[in-house]
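Here are a few short exercises to work through with the structure open beside you. Try each task before you read its solution.

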Amino acid sequence: MKALKIVLLCCAVVLLDGCIAGFRPIASRRADRYQAKVDSQSLARSRGGQPAVDGMTLPWVDWSNYYGTSDASRGVAPGAFWFSSASRGVQGALLDLEIQRLELIKFNLLDNNGTYRKYVLDPDGAAAKTWPEMRLPKDHPNYQEAGGDAAQQICTGELIRKRTLTGICNDQLNPLMGSTGQLFGRNVEFDTSFPDLGQNTLTRNRHGDRLGLLRPDPQVISRRLFTRRQEHPETCREGYGAADPSQSNCDYQKASSFNVLAAFWVQFMTHDWFSHLEEGHNDNEYIKTGCESQRVNNVEQPLSPDDIQRLGCRPDDRIDRSYVAQSTPPGTFSSGGKEYLERAPKTMRNTTTAWWDASQMYGYDETSGKRVKRDPQDRAKLLQVPLAGASTAQGLYLPLFETGDPINPEWAGQEATAFPDNWSIGLSFLTNVFAREHNAFVDEFRKQAAHAPDADSGLRNPAAPAKVIRNRDVSSDELYDAARLVVAAEIAKIHTTEWTPQLLYDETGYVALNGNWSGLLGTRAPVLTKILQDIVKNGFGKSKNPLDATQWYTIFAAGPGIVGLGSLDSDWDITKPGSVNGGVNHFGSPFNFPEEFISVYRLHPLVPDLIEYRDLKGDPNKIAARLPVVETFRGKATEAMHSRGLANWGLSIGRQRVGLLTLRNYPMFLQNLKMDRLESTTKQIDVAALDLIRDREHGTPRFNEFRRQYGLRQLTSFDDFLDPSAKLSAGDRQEQQDRVKTMREIYGQHVCDISKQITDAQVNADGSAITDCLGKPNGTLVDNIEDVDLVVGLLAEPVRPHGFAISETQFVVFIINASRRLFSDRFLTSSFRPEFYTTLGLDWVNNNGPGKPRMEKGKPNGHEQQEVLPFKRVLMRTIPELGAELENVVNAFDPWARSRGKYYSLDWTPRAGAESDDAFRK
């Protein structure tokens, strides 16, 4: 049997690259990492021909030049994909990504909670599964329930049956992990964070004395590198629309294959994952936000009144400073001749849960939980009500906050939900949709219970595990908790298999993300999937060898997929932590999001200044009005939702394209956002400048060292931000050159000193240290490329894999964290079972709704028998008026009127029936 498992395992692994011989060794030290650059021209030519060979000399990843990773122009034969050059290219790309993930897990997990010393010094540190730092403290209300002062705290009983309000006991053996109030981690070495502090020689050599919270000036960067250019400024008025609304128009650079619904999805997700705020506010101290200085001939000089007027910035803007949890000097320790910090110089707390638990809807602490309104007629449901003067046939909506609800004044008039800050029309849309989905599940369960009241619901109580809980026995609270599990899992599935593959619109992203969820084998080979699960969980999952527990674990998990890992054991037992908790793997470091994950989710350029509003009952192809996004914030979002309806807003944001994530494409209204709560004379804030300030406050490394820390090749001058492609138009080339010129003026240059080493995260090709001269002769005038802010660099990257809405640097941060939030969550691994979800709930998540899976028409991007994706089905279920519109849609985050055309085409052409759509007018 063991031999059979090995044979089957090898067959699965071979899917990655045709032969395992192509798998390179995992680096033993950080400086020797893969960098997503192939070792030989012959391998590059085999995987991608001459374009792959040509790309070897560039800083950017090689796999984006392989066969099959682009559109139909790169050798795709969909009818025989797995026997074509495209197969070789895509499999090579997947192999490259797996190597990156393995090395990211090995080098980029740094916990701020006191566990890092053991992770480095203990030979088995990378295989650790429990940490005393993750125990509930004595003053915690659930201390005794979790085992109190026992040597090993173990959550049992009611604490493990559901997703708890604060996120405790998701991990049975580490009750505090991922819960509200835990410290954000890091993906970068602690001593590279907070570079403005100049805390070590390498950092001082890298940046000199050029950095500070307001250096280079954030508002100057915003106005010179971020502002959207307007052909007719009077029709936009800084994002607030024309005086005559019928004349409103704001120019922006548009993406072709991502819609505004996808942009609002980002906001919906980040509200669930992380927050530095406490009830919508930061610290009480107010700080400046720039508009004070600029570089002139490499000398920092104050802005003159004329400069301020020309730039349009505001020196009197103020914002509340970020909360800091710890700022005392961290302890140190030594290993292998190197000194390490035990934590970052400063730490911040995550004020929501880090789990994928829909906490933005259901709550994350006592206060937020009080904002959630359950239906008094059926406590299993979320309260929804008809609009004033409307019938229930027109749909139900979340109720509004009432007097006595624990909210800030600026949240008055909004729908009642747990996380109401920064409320927008998109949040209103998505929260209402998933409240309806929650209630749809409850209704279906009630229907099932009425038909078969004595049938087994699937639920079990660990206090009485042998007792069958019949459908009729399921309490309202139990059904509410199961519905939350279902909705949270649906959201995770949508993000993993629908939103992210559309964000990364190519075959590599599609296969990798679907593999993360359901495995490279999916449901096509259930026997092999079960064997692989057994190997992962009971073989490598139980090994004390750190190499096995990290590297091989993730490789073999690609076969069966992460979701449901450990849930198929024949001896699974709800009373045993080895069953309930056995499928998770934290890779030696407690789970929480790192600060760098927050940084790469600064995706504001996706948002247009005006929403192209459409009326479903009129002509969906006509833009009825262009409405300022800023007029659909906070209570105005609820007013707009109620006056125009869920279906019309879905149609509008579903059809409209997002903005490109590039420089000079930032929403103008966000650069001029009015906020009455601010204690400043302007009562305004430039969010683009604030993005830079928050990254600096949170200690995010600047762009070039950030890339090195994640195992990507460094840049050596601002000219590396120029796209070398011969296909670039003259106008685009001129624009890139102007951006590079502006970056050089903002960040400046200096005379380099070759004696100064600036990093130990990478070395030169000859093994020598990287110095201040970045390969140029001593005394050369070099660009201050090391000082470029992360968000500036991300938006400036000129070369991206085909279809990517984000940069490759952002993507590599997703590689580690997108997988890890699945691997670490027992409710998505070993507790992904009917004992928690109900049998109906588990089927609902697996089949994208009640009943059997439905199949999409045709062969989207050459895929045979593609299931109708989960969010499309959620929308059709919760907003049936959109049924006819969505029948034409494959992915709900693709603009709904766009023709998907041939294999991963990015052409902006209308689908059948949308030829007259205003969006396609020249």
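**Exercise 1: Helix 27 and its surroundings**

In helix 27, the buried residues are L840, G841, L842, W844, V845 and N847. Keep in mind that this is a predicted model.

Task: Find what covers the buried residues of helix 27, then work out how helix 11 is oriented against helix 27.

Solution. Start with the cover: it includes helix 11, helix 12 (476-503), helix 13 (507-518), helix 26 (834-837) and helix 28.

Now take one of these neighbours. Two packed helices are described by the angle between their axes and the distance between the axes. For helix 11 (residues 425-451) and helix 27 (residues 839-847), the axes come within 10 Å and cross at roughly 130 degrees. Angles of 65 to 115 degrees count as roughly perpendicular and those over 145 as roughly antiparallel; helix 11 and helix 27 are therefore oblique to each other. Their crossing is right-handed.

Next, look at who touches whom. Helix 11 contributes E437, A440, F441, E444, F445 and Q448, while helix 27 contributes L840, G841 and W844. Sorted by character, the residues of this contact are five nonpolar, two polar and two charged. An α-helix has 3.6 residues a turn, so residues three or four places apart point the same way.

Finally, step just past the end of helix 27: N848 there has a positive phi of about 65 degrees.

**Exercise 2: V868, buried in a loop**

Task: Locate V868, decide whether V868 is buried or exposed, and list its contacts beyond the close sequence neighbours.

Solution. V868 lies in the loop between helix 27 and helix 28 (870-878). Its relative accessibility is 8%. The cut-off for buried is under 20%, so V868 counts as buried.

For the contacts, set aside neighbours within four places in sequence; V868 then touches N848, R854, M855, E856 and R873. You have already met N848, with its positive phi just after helix 27.

For a sense of scale, try Y143: it is 725 residues from V868 along the chain, and the two C-alpha atoms are separated by 45 Å.

**Exercise 3: Helix 18 and two partners**

Task: Compare the packing angles that helix 18 makes with helix 19 and with helix 11, and classify each pair.

Solution. Begin with helix 18 (residues 634-644) and helix 19 (residues 646-655), whose axes lie 6 Å apart at an angle of about 105 degrees. The two helices are therefore roughly perpendicular to each other. On helix 18 the contact residues are A640, M641 and R644, and on helix 19 they are L646, N648 and W649. That gives four nonpolar, one polar and one charged residue.

Turn to helix 11 and helix 18. Here the axes come within 8 Å and cross at roughly 60 degrees, which makes helix 11 oblique to helix 18. The crossing is right-handed. I425, S428, F429 and N432 of helix 11 meet A637, A640 and M641 of helix 18. These residues divide into five nonpolar, two polar and no charged.

**Exercise 4: Aromatic rings**

Task: Classify the geometry of the ring pair W265 and F871, and say where each residue sits.

Solution. The structure holds 43 aromatic pairs. In the pair W265 and F871, the ring centres are 5.4 Å apart and the planes meet at 55 degrees, so the pair is tilted. It links distant parts of the chain, with W265 in helix 7 (residues 260-273) and F871 in helix 28, 606 residues apart. W265 counts as buried at 0% relative accessibility, and F871 is buried with a relative accessible area of 0%.

While you are looking at rings, find the aromatic cluster formed by W273, F274, W355, W356, F591, F593, F597, Y601 and F814.

**Exercise 5: Backbone exceptions**

Task: Which peptide bond is cis at P216, and what phi do R237 and N298 take?

Solution. Most residues other than glycine have a negative phi, and most peptide bonds are trans. The cis bond joins R215 and P216, with omega about -15 degrees. P216 is placed in the loop between helix 5 (201-207) and helix 6 (218-226).

R237, not a glycine, has a positive phi of about 50 degrees. R237 lies in the loop between helix 6 and strand 1 (254-259) and counts as partly exposed at 45% relative accessibility.

N298 has a positive phi near 65 degrees. Its loop runs between strand 3 (293-296) and strand 4 (299-302), and at 33% relative accessibility N298 counts as partly exposed.

Key:
Residues numbered from 1 in each chain as written. Predicted model: local features only at pLDDT ≥ 70, side-chain atom pairs only at ≥ 80, totals over all residues. Heavy atoms only, no water. Axes fitted to C-alpha atoms, helices over the stretch in contact; angles between N-to-C directions. Helix = DSSP H or I, 4+ residues; strand = E, 2+ residues; numbered from the N terminus. Parallel < 35°, antiparallel > 145°, perpendicular 65-115°, else oblique. Left-handed = near helix turned anticlockwise from the far one by under 90°. Contact = heavy atoms within 4.5 Å. Nonpolar A, V, L, I, M, F, W, Y, C, P; charged D, E, K, R; others polar. Buried < 20%, exposed > 50% of the residue type's maximum accessible area, 1.4 Å probe, protein only. Phe/Tyr/Trp six-rings, centres within 6.5 Å; stacked < 30°, edge-to-face > 60°.
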